[in-house]
Amino acid sequence: MSLEVADLTFRYGSKTALDAVGFIVPPGRFAALLGPNGAGKSTLFGLLTRLFTAPSGRIAIAGHDMARSPRGALARMGVVFQQPTLDLDLTVRQNLAYFAALHGLAGREARSRIDAALDRLWMRERASEKTRDLNGGHRRRTEIARALLHRPSVLLLDEPTVGLDAAARTAITDHVHALARDEGLTVLWATHLTDEVANDDQLILLHQGRILADGTAHELHGATPLREWFLARTGAEA
Amino acid sequence: MRPWVTAFAAIVAREALRFIHQRERFLAALVRPLVWLLVFAAGFRAALGLSIIPPYQTYITYETYIVPGLCGMILLFNGMQSSLSLVYDREMGSMRLLLTAPLPRWFLLVSKLFGATFISILQVYAFLAIAAAFGIDMAPGGYLAALPALLLAGLMLGALGLALSSFIKQLENFAGVMNFVIFPMFFLSSALYPLWKMAESSPLLRDICAVNPFTHAVELIRFALYLEWNLPALGWTALATLGFLALALRGYDPARGLIRRRR
């Protein structure tokens with residue numbers, strides 16, 4: 001089940017934030033959406049998650065057109081937003097149960113899925129803790145566990161490692177790569193950090209609202225280190 | 001239908017859990033009307049003479065008169081408080097989580113509205129219980145009859161808060177809501193003084209009060225507490241609820257509204 005974006009254009013007043021953006025992430029692929037700050041990544045995520053809609057272009061999540069079947073598309077999509085979205089006064093389990101209910105899951109079914117999701121991210125023993133008491137890495141893990149509760153086909157993550165230390169960043173990046181590789185999840189991972197991109201990931205380079213490159217990472221940057229390649233293409237600091 | 005019920009129950013339960021975690025909010029919501037009832041009203045009792053007006057059958061004390069207005073005050077402040085929390089939620093991201101649930105957006109927002117209104121109504125009944133302890137009580141049936149009136153008034157004020165939250169760009173702008181919405185709405189209403197009394201000082205002010213939806217919400221509650229129907233108040237309050245809700249849904253429409261405009 002793939003993610004398809006075609007000819008997406010979006011403007012804030014007279015400023016063009018996205019200009020005819022299009023790409024396809026095939027099923028089970030980890031795609032890194034790489035771009036400097038201000039490239040249009042957050043706008044693209046706003047459109048992909050239907051926080052707002054674009055006047056032109058098309059988005060399809062696992063075959064469901066976002067404009068014609070938004071509920072079908074949203075049901076097949078898991079999202080980890082850049083901003084924290086946990087209720088800090090609630091426990092880890094309560095946060096997950098709330099999200100499960102928003103997706104129509106309750107009772108025994110919700111409980112077993114929550115336990116499984118927490119186990120997968122080594123968070124089971126923290127289930128009764130308030131999320132306020134968790135460190136940044138554990139909060140992110142909780143958000144990833146939550147995003148997988150309804151068994152989505154496509155997982156979107158908007159700069160999910162912002163503010164995390166190196167160990168937590170590596171653990172989360174590796175885990176999401178494994179989700180794509182082992183469980184066939186289609187992943188779109190927005191970042192401005194080149195060290196989060198593996199050589200065989202699909203790399204989509206977004207700059208000033210346009211796709212500058214789209215292909216397998218090592219084929220795009222070749223022998224040039226990715227960081228240098230990225231800087232040369234965007235003139236930005238990685 | 002089951003996923004809708006599950007989601008509705010979760011959204012209401014989340015509001016309740018948030019409320020339990022913010023006990024100071026509960027106290028603040030009670031202290032405000034109690035200060036008005038026990039301090040302000042005591043001072044004004046001598047200054048304001050009240051005649052017999054429906055739904056009252058006899059002369060009443062000023063404290064008795066302002067109880068329905070103070071119920072409205074709780075709903076008004078809570079409606080705005082929930083608007084503030086919506087702006088906060090939007091800035092913090094948790095509103096995004098709600099809006100990306102695979103359910104119609106209107107349903108998610110209305111569910112949130114119901115959750116906030118239930119909490120407000122609990123506070124109103126706590127206030128009415130304290131007022132009764134001070135001797136300002138109604139017929140037992142009045143407390144029950146007031147429930148649908150409180151629900152509608154709460155939904156109206158919550159919908160107003162929701163509409164405002166979709167137009168307020170940042171949390172810092174919220175102070176303006178206090179100055180330009182809450183205070184005029186409260187003082188230009190029949191909450192503290194009857195409209196005939198207002199007409200004595202200014203017919204224009206009386207007319208402004210008469211079109212203020214908050215006046216009608218207060219009158220709806222007042223009449224219900226005395227087991228009487230006030231159909232014009234019911235009509236106005238219902239109409240305002242629909243109007244504010246339409247405005248809120250437009251504000252949160254993904255194809256327009258603030259979320260689309262802001263970066």
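1. Which residues does Ala153(B) touch, not counting residues up to four places away in sequence? In this predicted model, the residues in contact with Ala153(B) beyond that sequence window are Gly72(B), Leu75(B), Ala217(B), Leu220(B), Ile221(B) and Thr237(B).

2. Ala153(B) also belongs to the largest nonpolar core, which has 150 residues, and it is listed there among those with the most contacts inside the core, together with Val187(A), Trp189(A), Met156(B), Ala159(B) and Ile221(B). Helix H3 of chain B, covering residues 62-92, supplies the largest share of this core, namely 14 residues. Because domain 1 (1-76 + 153-238) and domain 2 (86-151) of chain A both give residues to the core, it lies between them.

3. As for the contact between the chains, 25 residues come from chain A and 25 residues from chain B. On the side of chain B that touches chain A, the elements giving two or more residues are H1, helix H4 (94-99) and helix H12 (258-261) of chain B, and H1(B) gives the most, with 10 residues.

4. Helix H1 of chain B (residues 2-21) packs against helix H3 of chain A (residues 92-102) at an angle of about 150°, the axes being 7 Å apart; since angles over 145 degrees count as roughly antiparallel, H3(A) is roughly antiparallel to H1(B). The crossing of these two helices, H3(A) and H1(B), is left-handed.

5. The residues that make this helix-to-helix contact are, from H3(A), Gln94(A), Tyr98(A), Ala101(A) and Leu102(A), and, from H1(B), Thr6(B), Ala7(B), Ala9(B), Ala10(B), Arg14(B) and Leu17(B).

Methods:
Residues numbered from 1 in each chain as written. Chains lettered and ligands numbered in written order. Predicted model: local features only at pLDDT ≥ 70, side-chain atom pairs only at ≥ 80, totals over all residues. Core = buried A, V, L, I, M, F, W, Y, C linked by C-beta atoms within 7 Å. Buried ≥ 20, exposed ≤ 12 C-beta atoms within 10 Å, placed from the backbone. Helix = DSSP H or I, 4+ residues; strand = E, 2+ residues; numbered from the N terminus. Domains from an automatic or database assignment. Contact = placed C-beta atoms within 7 Å. Axes fitted to C-alpha atoms, helices over the stretch in contact; angles between N-to-C directions. Parallel < 35°, antiparallel > 145°, perpendicular 65-115°, else oblique. Left-handed = near helix turned anticlockwise from the far one by under 90°.
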